[in-house]
Amino acid sequence: MKKLCRDPPPVQELEALLKNYKGVTHHVDEVIPNLYLGDIVIASDKKKLKKMGFTHILNAAHASWECTGDGIDYGPDIQYYGITAEDCPEFNMSVYFNRGAQFIHQALNTSSGKVLVHCILGKSRSATLVLAYLMIYQGYSLVDAIRHVSEHRCIAPNRGFLQQLQQLEMELHHSFWRCSML
């Protein structure tokens, strides 16, 4: 059987792609319709969140030492999901790829669903989960996901997270090709 997909590019090439963002840094940016990447500043501003119409929040730094926004009560109109992740290359973020992507997917498929995915700076942990969502549910390759998100926001997943996303891409391709051969 001929293998039709190639392995993801090396981490160094992925890191070079991440440097393509030419815009201004904001507290929150829309990366696809109704899916936003942001930082702890926007996540802590309940008035702004309400004004912007967010219905779901995925916090990728829940209960981590540098996150002070965990005690926020978003009220009944915002569904919250917290992931306790550390922004270090050794942390296994891949165990949250499917759960995080599923939360985003379900939120975007609800009436008026609007999702904020954040961590502290909105560049590594949260960006990694958004990239995984784009790969799992939207069919993006890792390179295409990075290019797309980098057009809207400066992101910088750490090297370990990039390696885990490479592994995810290989698993998704393997699963796709295995299923298409049945």
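Student: Let's start with helix α5: how far does it reach from its first C-alpha to its last?
Tutor: A heads-up: this is a predicted model, where local features need pLDDT of at least 70 and side-chain atom pairs count only at pLDDT 80 or more, while totals for chains, interfaces and linings use all residues. Residues are numbered from 1 along each chain as its sequence is written, and side-chain values use heavy atoms, with hydrogens and water left out. Helices (H or I, at least four residues) and strands (E, at least two) are DSSP runs, numbered from the N terminus, and the expected span of a helix is 1.5 Å times one less than its number of residues. With 14 residues, α5 would be expected to span 20 Å, and its actual reach is close to that, at 19 Å.

Student: How many of the residues of α5 are buried?
Tutor: Buried means under 20% relative accessible area, exposed means over 50%, and partly exposed is in between, using a 1.4 Å probe and protein chains only. Among the buried ones are Ser 126, Leu 131 and Met 135. The helix is largely enclosed by the rest of the structure, because the buried count out of 14 is 11.

Student: What about Arg 125: is that residue buried or exposed?
Tutor: Arg 125 sits in helix α5. In space it is 9.1 Å from Asn 59, C-alpha to C-alpha, though 66 residues separate the two in sequence. Its relative accessibility is 3%, so Arg 125 counts as buried.

Student: And Thr 128, which residues does it contact beyond its neighbours within four places in sequence?
Tutor: Thr 128 is also part of α5, and it counts as buried because its relative accessibility is 0%. Contact here means heavy atoms within 4.5 Å. Leaving those sequence neighbours aside, Thr 128 touches Met 93, Phe 97, Pro 157, Phe 161 and Leu 165.

Student: How are α4 and α5 set relative to each other, roughly parallel or roughly perpendicular?
Tutor: Axes are lines fitted to C-alpha atoms, for helices over the stretch in contact, with angles running from 0 to 180 degrees between N-to-C directions. Under 35 degrees is roughly parallel, over 145 roughly antiparallel, 65 to 115 roughly perpendicular and the rest oblique. The axes of α4 (residues 97–108) and α5 (residues 125–138) come within 8 Å and cross at roughly 75 degrees. That is why the pair counts as roughly perpendicular.

Student: How many nonpolar residues take part in that contact?
Tutor: Ala, Val, Leu, Ile, Met, Phe, Trp, Tyr, Cys and Pro count as nonpolar, Asp, Glu, Lys and Arg as charged, and the others, Gly among them, as polar. The contact includes Phe 97 and Leu 108 of α4, plus Leu 129 and Tyr 133 of α5. Four of the contact residues are polar and none is charged, which leaves the nonpolar group at nine.

Student: Which strands stand at the edges of the sheet?
Tutor: Two strands pair if DSSP finds at least two bridges between them. The open sheet has five strands in the order β1-β2-β5-β3-β4, with mixed pairing. One side of each edge strand has no neighbour in the sheet because each has a single partner, and these are β1 and β4.

Student: Which residue of β5 is the bridge partner of His 56?
Tutor: Strand β3 (residues 56–59) runs parallel to β5 (residues 115–118), joined to it by four bridges. For His 56, the partner in β5 is Val 115.
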